[in-house]
Amino acid sequence: MSDLELINSLSSEPVRPVDHVSIETIIQSVPCMAINTPATYALYLHYNKKHLADDEKVKVELIIERLQKERSQVNKYNMDYMDRDLDEENKPPHNIYIDGAAAE
């Protein structure tokens with residue numbers, strides 16, 4: 001990152017009150033939190049609700065919603081996979097041993 005990019009980045013950041021809890025702090029101090037976990041942003045919103053601007057609250061809520069949708073989709077894929085695996089259990093095994101050797 002160039003000096004100018006760093007200066008622009010720092011100057012665009014709003015001044016936060018002393019009791020502001022950053023996302024990095026939440027990730028480091030709360031077990032099982034990550035940058036892609038909806039609960040991380042829900043905690044961020046909870047801890048900082050009193051001093052976040054309305055547009056910031058909306059952005060955080062949209063992030064939470066998007067991550068929840070992504071997680072729901074992953075859960076659906078996982079359920080489909082497990083259902084498929086259960087269906088496979090009802091079928092005869094693919095490799096049937098004949099005289100001690102596996103038949104393909």
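Let's start at Met33: setting aside neighbours within four places in sequence, this residue is in contact with Ile26, Ile27, Ala39, Thr40 and Leu43. Keep in mind as you follow along that the model is predicted.

Met33 also belongs to a wider group. The largest nonpolar core has ten residues in all, and Met33 shares it with Ile23, Ile26, Tyr41, Tyr44, Leu45, Leu52, Val60, Ile64 and Leu67. Three helices each supply at least two residues of this core: α2 (23–29), α3 (38–48) and α4. Ile26 is thus a handy residue to pick out on screen, as a contact of Met33 and a member of the core.

From the core we can turn to the charged side chains. Side chains of opposite charge can pair when their charged atoms come close. How many salt bridges does the structure hold? There are five, and three of them are worth a walk-through here.

Take the pair of Arg16 and Glu56, whose closest N and O atoms are 2.8 Å apart. This salt bridge links distant parts of the chain, with Arg16 in the loop between α1 (3–12) and α2, and Glu56 in helix α4, 40 residues away. Is Arg16 buried or exposed? Its relative accessible area is 28%, so Arg16 counts as partly exposed.

Glu56 has further partners. Helix α4, where Glu56 sits, covers residues 54–89. Not counting residues up to four places away in sequence, Glu56 touches Pro14 as well as Arg16. In addition, a polar atom of the Glu56 side chain lies 2.8 Å from the backbone nitrogen of Ala53.

The next salt bridge joins Asp19 and Lys50, with 3.3 Å between the closest N and O atoms. Because Asp19 lies in the loop between α1 and α2 while Lys50 lies in the loop between α3 and α4, the pair ties together parts that are 31 residues apart in sequence. The two partners fall into separate accessibility classes: Asp19 is partly exposed at 40% relative accessibility, whereas Lys50 is exposed at 67%.

Finally, look along helix α4 for Glu70 and Arg66. These residues form a salt bridge whose closest N and O atoms are 3.2 Å apart. Here the spacing follows the helix: Glu70 and Arg66 are four residues apart in α4, so about one helical turn separates them. Glu70 is partly exposed, with a relative accessible area of 42%, and Arg66 is likewise partly exposed, at 46%.

Key: Residues numbered from 1 in each chain as written. Predicted model: local features only at pLDDT ≥ 70, side-chain atom pairs only at ≥ 80, totals over all residues. Heavy atoms only, no water. Polar contact = N/O pair within 3.5 Å; in protein donor to acceptor, adjacent residues only side chain to side chain. Contact = heavy atoms within 4.5 Å. Core = buried A, V, L, I, M, F, W, Y, C linked by side-chain atoms within 4.5 Å. Buried < 20%, exposed > 50% of the residue type's maximum accessible area, 1.4 Å probe, protein only. Salt bridge = Lys/Arg side-chain N within 4 Å of Asp/Glu carboxyl O.
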